[in-house]
Amino acid sequence: MYIMKLHNVTRAFGGLRAVDEVSIEFSSGGITGLIGPNGAGKTTLFNLISGLLKLDCGEIYFDNIRVDGLTPWEIAKLGIGRLFQDVRVFKKLSVLDNVLLAKLQHPGESPLSVLFSTRRVTNAEKENLGEAHKWVKFVGLSGKENSPAESLSFGQQKLLAIARLLAGGYKLLLLDEPSAGVNPAMIKSLLELMKKIADAGRTIIFIEHNMTVVLEIANWVFFLNEGRVISFGRPDDVLGNDEVRKAYLGV
Amino acid sequence: MIFIYGILALSMNLLAGYTGLLSLCQAAFYGIGAYSTTLLMIKVGINFFPALVCGIFITSFISLFIAYPSLRLRGDYFILAAIGFQLIVFSILYNCVWLTRGPYGIPGIPRPSAFGFQFDSLPRYFLLGGFIFFLVLLFTRAILRSPFGRALKAIREDELTAGVMGKNVPALKIWAFVIGAGIASVSGALYAGYVTYIDPTSFTLDESIFIIAIVLVGGSGNLKGPIVGTFFMLILPEALRFLGLPVTIAPNVRQMIYGLLLILLMRYRPQGIAGEYRFE
């Protein structure tokens, strides 16, 4: 069972082919790692999937629906969530508001229903509030609900961004370097969290430079270099591959 | 006048303070509201209140034509489009003499009345203005405290992330813009009924800038800010009259004190007197 299929996905910036005819099938469930040197096209690939960049050519299917060419919000509503490398929480809003915003298709986000179907909006918001509290607790940020997001440490902001993803109910989570800039103790709880999420049946694809992390939690690994997939397989096998070692680890 | 500008400030706050849209054409909607209400009263002969409601719909509808194409553009282009729209509306009001009497303006606008009660004296009009201002305040409060208002704030903070989180960014901005236009038209109607004479010079780009200044001075992102800003910008110039300065230099000194206060405010309190959000 494949949750997402990329076919010949290509994107160039000027003369540089950042992503070059990439064809990958991601299986449903589990944790897949994307590794590769800086500039290998990993983040560009994420941006193409979430609709922030347009493809030059190729196709992307999610749940058998073609998603390339859709807007970011249409793609999000289909069930693809995204964690940015620099987390991008809404800094001036409270922790709770950040998570409340995650709900997709909230009736209260149309001013017409705010004015004319008040009860539906109130009920949806009540439910949303319960959910949000649950996820804030789940990632371990209880007690910080009303603090502005900018008052959190970088690691905590990452947890908040993950709570936001969970509250969105996405089937597929794209995590861009979840362990970067996070202290070792928190990396551990972050990995626990990712495993818990995967066990709950959601699919995770993550970009990572920390090989210990990759070896510990990834079920599958794709190695990218210069916009192309060089190697694919179980983490041990990929990291043992000669070409990968030469291109990435310099050994 | 306080209430008229108060309503304008509320509409601007919805756009600038919550959505992050620096709209430089609020005076155009203020003018469209004033003209459409007036023309409905004079040419069609309906009462002030239904004319006001029709004016809201007309203004909101017109605002869609500018919102739809321009809000799909990014930041700076939107500001340029808004200035362009402001200038176009002014020239239409100025040159469509058959409809608006152009530079001659429209005199003799009837005062509002309801159930035989005339809002013709100043205190009575003050009450009417206060009442309508209060209604608008309740309306904006309901809108901004709803999940819709929260989504607008998210757009102000980070448009890209809001999009990736499933918020239809252009649609939400268009909504905010259209609602803001509708609110501005309410103060246009109140203005027409208050001074009983309107001409295009009341609805210029300068006026739009003044509305933004109110919100920037008072502070944006909450509901206190625009109210404080309105008091500051409208009452302070009047209050400075009572300083007892010699008549010959008084007007100039007043302007200087006023300018100095604005500079001090920008230096020491860039988010405005009561604002929670700083414009960048």
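This report walks through the contact between two chains, a nonpolar surface patch, the salt bridges and a few single residues. The model is predicted.

## Where the chains meet

Chain A and chain B share a contact. Chain A gives 31 residues to this contact, and chain B gives 27 residues. About 2400 Å² is buried between chain A and chain B. Carbon and sulfur atoms give 71% of that area.

Polar and charged pairs also cross the contact. Eleven residue pairs are in polar contact between chain A and chain B, counting pairs with both residues at pLDDT 80 or more. Three salt bridges run between chain A and chain B. One of them joins B:Lys167 to A:Glu109, with the closest N and O atoms 3.4 Å apart. On the side of chain A that touches chain B, helices H2 (72-78), H3 (95-100), H4 and H5 (118-138) each supply at least two residues.

## A nonpolar patch from both chains

A nonpolar patch of about 480 Å² sits on the surface. Chain A brings A:Leu112, A:Leu115 and A:Phe116 to the patch, and chain B brings B:Phe139 and B:Trp175. Helix H4 of chain A, residues 111-116, has the largest share, with three residues.

Take A:Leu115 as an example. A:Leu115 is found in helix H4 of chain A. Its relative accessible area is 33%, so A:Leu115 counts as partly exposed.

## Salt bridges

Side chains of opposite charge can pair when their charged atoms come close. Over all chains, the count comes to 14 salt bridges. Three pairs within chain A are listed here.

| Pair | Distance, N to O |
|---|---|
| A:Asp63 and A:Lys171 | 2.5 Å |
| A:Arg66 and A:Asp68 | 3.1 Å |
| A:Glu216 and A:Lys195 | 3.6 Å |

What does the pair of A:Asp63 and A:Lys171 tie together? A:Asp63 lies in the loop between S4 and S5 of chain A, and A:Lys171 lies in the loop between helix H6 (154-167) and strand S7 (172-176) of chain A, so the pair ties together parts that are 108 residues apart in sequence. A:Asp63 is partly exposed, at 29% relative accessibility. A:Lys171 is partly exposed too, with a relative accessible area of 39%.

Next come A:Arg66 and A:Asp68. Is A:Asp68 buried or exposed? A:Asp68 counts as buried, because its relative accessibility is 17% and the cut-off for buried is under 20%. Its partner A:Arg66 is partly exposed, at 41% relative accessibility.

The pair of A:Glu216 and A:Lys195 meets in a salt bridge. A:Glu216 lies in helix H8 of chain A, residues 211-217, and A:Lys195 lies in helix H7 of chain A, residues 184-199, so the pair ties together parts that are 21 residues apart in sequence. A:Glu216 is partly exposed, at 45% relative accessibility. A:Lys195 is also partly exposed, with a relative accessible area of 31%.

Salt bridges can also link up. A:Arg17, A:Asp20 and A:Arg228 are linked in a network of salt bridges.

## Positive phi in two loops

Most residues other than glycine have a negative phi. Two residues of chain A are worth a look here.

A:Asn64 is not a glycine, yet its phi is positive, near 65°. A:Asn64 is found in the loop between strand S4 (57-62) and strand S5 (65-66) of chain A. That loop also holds A:Asp63. A:Asn64 is exposed, with a relative accessible area of 75%.

A:Gln105 is not a glycine either, and has a positive phi of about 55°. A:Gln105 lies in the loop between H3 and H4 of chain A. Its relative accessible area is 57%, so A:Gln105 counts as exposed.

## Around A:Ala12

A:Ala12 is found in strand S1 of chain A, residues 2-13. A:Ala12 is partly exposed, with a relative accessible area of 23%. Which residues does A:Ala12 touch, not counting those up to four places away in sequence? They are A:Arg17, A:Ala18 and A:Asp56. A:Arg17 is also part of the salt-bridge network.

A:Arg120 is 108 residues from A:Ala12 along the chain. The C-alpha atoms of A:Ala12 and A:Arg120 are separated by 46 Å.

Conventions. Residues numbered from 1 in each chain as written. Chains lettered and ligands numbered in written order. Predicted model: local features only at pLDDT ≥ 70, side-chain atom pairs only at ≥ 80, totals over all residues. Heavy atoms only, no water. Patch = residues over 30% accessible without salt bridge, like charges linked within 9 Å, V, L, I, M, F, W, Y side chains within 5 Å. Areas by Shrake-Rupley, 256 points an atom, 1.4 Å probe, with all protein chains shown as cover. Salt bridge = Lys/Arg side-chain N within 4 Å of Asp/Glu carboxyl O. Helix = DSSP H or I, 4+ residues; strand = E, 2+ residues; numbered from the N terminus. Buried < 20%, exposed > 50% of the residue type's maximum accessible area, 1.4 Å probe, protein only. Contact = heavy atoms within 4.5 Å. Buried area = accessible area lost by both parts, 1.4 Å probe. Polar contact = N/O pair within 3.5 Å; in protein donor to acceptor, adjacent residues only side chain to side chain.
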